[in-house]
Amino acid sequence: MRGGLRPSFRTPRHARGVSLLEMLLVVMLVAIAGTLAAMVLTGGLEGMRLRSEAREIAAQLRYTRAQAMATGKPQRFVIDPATHRWQAPNQHRGSVPDSLRIAFIGARQAQPAPGVGAIMFFHDGGSSGGQIRLSGGRAVWHVDVAWLTGEVQVVRGGGGT
């Protein structure tokens, strides 16, 4: 290699890669955009809270039905829209955030007091039926209980028993 030409393994000064800081910045921006998109699609934090509460009530209704079938005795799930509280068998209790609205539709004969809703479940899995409507902002979720089968469903924005 005479003549002064030697192979060079150096990269030119103008070529450069992506730094770790730049990569983290891009990942962070994608995460923020994904979070904002999810909030828009689910109705924001209030919509997520609403869905979570509807699912919790549905789980407690299913528990009440299972207790009726296991014990062979009728069991009652009670919800009080005025106080935002509910009660299932075996001291299962809970509350719904005050920011959410509750409405109950069900058999008057199962109600323990005026304004308080109740759904009875029987030893064969059947129930008195009913619907618990949770709403917050523009989002609405219904927890429907079929009177014949006692099946519990959570339905977004609509549904009926």
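Strands, as named here, are DSSP runs of at least two residues labelled E, and helices are runs of at least four residues labelled H or I, both numbered from the N terminus. With that convention, Asn-90 can be placed in the loop between E2 and strand E3 (92-95), in a model that is predicted. The phi angle of Asn-90 is near 60°, a positive value in a residue other than glycine, and Gln-91, which is not a glycine either, has a positive phi of about 60°. Gln-91 is likewise in the loop between E2 and E3. Asn-90 has a relative accessible area of 52% and is therefore exposed, the cut-off being over 50%, while Gln-91 counts as exposed at 57% relative accessibility.

From this loop one can step back to the chain as a whole, which comes to two helices and eight strands. Read from the N terminus, the order of the elements is α-α-β-β-β-β-β-β-β-β. Of the 161 residues in the chain, 33% are buried, and the chain exposes about 10,800 Å², of which carbon and sulfur atoms supply 59%. Among contacts between residues at least 6 apart in sequence, 51% join residues at least 24 apart.

In soluble globular proteins, nonpolar side chains tend to be buried together. Here the largest nonpolar core has 23 residues, and those with the most contacts inside it are Ile-57, Leu-61, Phe-77, Ile-79, Ile-132, Leu-134 and Val-143. Two or more residues are given to this core by each of helix H2 (44-71), strand E1 (75-80), strand E2 (85-88), strand E4 (101-106), E5, E6 and strand E7 (139-145), with H2 supplying the largest share, six residues. Leu-134 illustrates how such a residue is surrounded: when residues up to four places away in sequence are not counted, Leu-134 touches Leu-50, Glu-53, Ala-54, Ile-57, Val-96, Arg-101, Ile-102, Ala-139, Val-140 and Trp-141.

Phe-77, another of the core residues with the most contacts, also leads to the aromatic rings, for which a search of the whole structure finds one pair. That pair is formed by Phe-77 and Trp-86, which are stacked at 6.0 Å centre to centre with 20° between the planes. Phe-77 is buried, with a relative accessible area of 1%, and Trp-86 is buried as well, with a relative accessible area of 6%.

Strand E5 deserves a separate look, because five of its five residues are buried, so that E5 is largely enclosed by the rest of the structure. Gly-117, Ile-119 and Phe-121 point one way from E5, whereas Ala-118 and Met-120 point the other way, and all are buried. E5 pairs with E1 in the antiparallel sense over five bridges, and within this part of the structure Gly-117 in E5 stands opposite Ile-79.

Beyond E5 the chain reaches Ser-127, which has its place in the loop between strand E5 (117-121) and strand E6 (130-136). Is this loop residue buried or exposed? Ser-127 counts as buried because its relative accessibility is 6%, and the cut-off for a buried residue is under 20%. Leaving aside its neighbours within four places in sequence, Ser-127 is in contact with Ile-119, Met-120, Phe-121, Phe-122, Val-145, Ala-146, Trp-147 and Gly-150. Within its own loop, the side chain of Ser-127 reaches the backbone nitrogen of Gly-129 at 3.0 Å.

Technical notes: Residues numbered from 1 in each chain as written. Predicted model: local features only at pLDDT ≥ 70, side-chain atom pairs only at ≥ 80, totals over all residues. Heavy atoms only, no water. Buried < 20%, exposed > 50% of the residue type's maximum accessible area, 1.4 Å probe, protein only. Polar contact = N/O pair within 3.5 Å; in protein donor to acceptor, adjacent residues only side chain to side chain. Contact = heavy atoms within 4.5 Å. Phe/Tyr/Trp six-rings, centres within 6.5 Å; stacked < 30°, edge-to-face > 60°. Areas by Shrake-Rupley, 256 points an atom, 1.4 Å probe, with all protein chains shown as cover. Core = buried A, V, L, I, M, F, W, Y, C linked by side-chain atoms within 4.5 Å. Pairing = 2+ DSSP bridges.
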